[in-house]
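Here is a walk through one protein chain, taken step by step. Keep the sequence and the structure in view while reading.

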Amino acid sequence: MTVTETAEKWNLNKRTIQIMCSDGRIEGAAKFGKYWAIPIDAKKPIDHRITSGQYKNWRDKIVNRSENEGRFSELEER
């Protein structure tokens, strides 16, 4: 199977499949020149990306700079 076929089958990006192949995460994948050959019966590796939502909207969680300015001026006076 090609990278494109595997990406469609597993509903992933082609580049993600290429990275998985080069990292050795897809068992039996072999590189022939510049192309990867992936066994038809290869199993999809576990996705190790963070999906907990812990980092979702992290910019909204940061306190505004204007609120911190008063705190910093107090420290400078000491």
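A polar contact is a pair of N or O atoms within 3.5 Å, and within protein one of them must be able to donate a hydrogen and the other to accept it. This definition is needed further on, where the start of a helix is discussed. The model is a predicted one.

Begin with the overall layout. The chain contains four helices and two strands. From beginning to end of the sequence, these elements come in the pattern α-α-β-β-α-α. Of the 78 residues in the chain, 17% are buried. The chain exposes about 7,000 Å², and 49% of this area comes from carbon and sulfur atoms. Among contacts with a separation of 6 or more, 31% join residues that are 24 or more positions apart.

Now turn to helix H1, which spans residues 3-10. Its buried residues are Val-3, Thr-6, Ala-7 and Trp-10. They lie on the same side of H1, because they cover an arc of only 100° around the axis. Their packing partners are helix H2 (14-22) and strand E2 (35-37).

Two of these residues can be followed further. Thr-6 counts as buried because its relative accessibility is 0%, and buried means under 20%. Leaving aside neighbours within four places in sequence, Thr-6 is in contact with Met-1, Ile-17 and Ile-38. With the neighbours within four places again left out, Trp-10 is in contact with Ile-17, Ile-26, Ala-42, Lys-43, Lys-44 and Pro-45.

After H1 comes Asn-11, in the loop between H1 and H2. What is the sign of phi in Asn-11? Phi is positive there, near 60°, in a residue other than glycine. As a general rule, most residues other than glycine have a negative phi. Asn-11 counts as exposed because its relative accessibility is 68%, and exposed means over 50%.

Next is helix H2. Asn-13 caps the N-terminal end of H2, with a side-chain oxygen 3.0 Å from the backbone nitrogen of Arg-15. Within H2, the residues Ile-17, Met-20 and Cys-21 are buried. Seen down the axis of H2, these buried residues fall within an arc of 100°, so they line one face of the helix. They pack against H1 and E2. H2 is followed by Gly-24, where phi is positive and near 80°.

Which residues make up the largest nonpolar core? This core has 10 residues: Val-3, Ala-7, Trp-10, Ile-17, Met-20, Cys-21, Ile-26, Trp-36, Ile-38 and Ala-42. At least two of them come from H1, and at least two from H2.

Last, look at Pro-45, in the loop between E2 and helix H3 (58-61). Is Pro-45 buried or exposed? Pro-45 counts as buried because its relative accessibility is 15%. Not counting residues up to four places away in sequence, Pro-45 touches Trp-10, Met-20, Arg-25 and Ile-26. Pro-45 and Ile-26 are 19 residues apart in sequence, and their C-alpha atoms are 6.6 Å apart in space. Trp-10, Met-20 and Ile-26 also belong to the largest nonpolar core.

Methods. Residues numbered from 1 in each chain as written. Predicted model: local features only at pLDDT ≥ 70, side-chain atom pairs only at ≥ 80, totals over all residues. Heavy atoms only, no water. Buried < 20%, exposed > 50% of the residue type's maximum accessible area, 1.4 Å probe, protein only. Contact = heavy atoms within 4.5 Å. Areas by Shrake-Rupley, 256 points an atom, 1.4 Å probe, with all protein chains shown as cover. Arc of directions from axis to C-beta. Core = buried A, V, L, I, M, F, W, Y, C linked by side-chain atoms within 4.5 Å.
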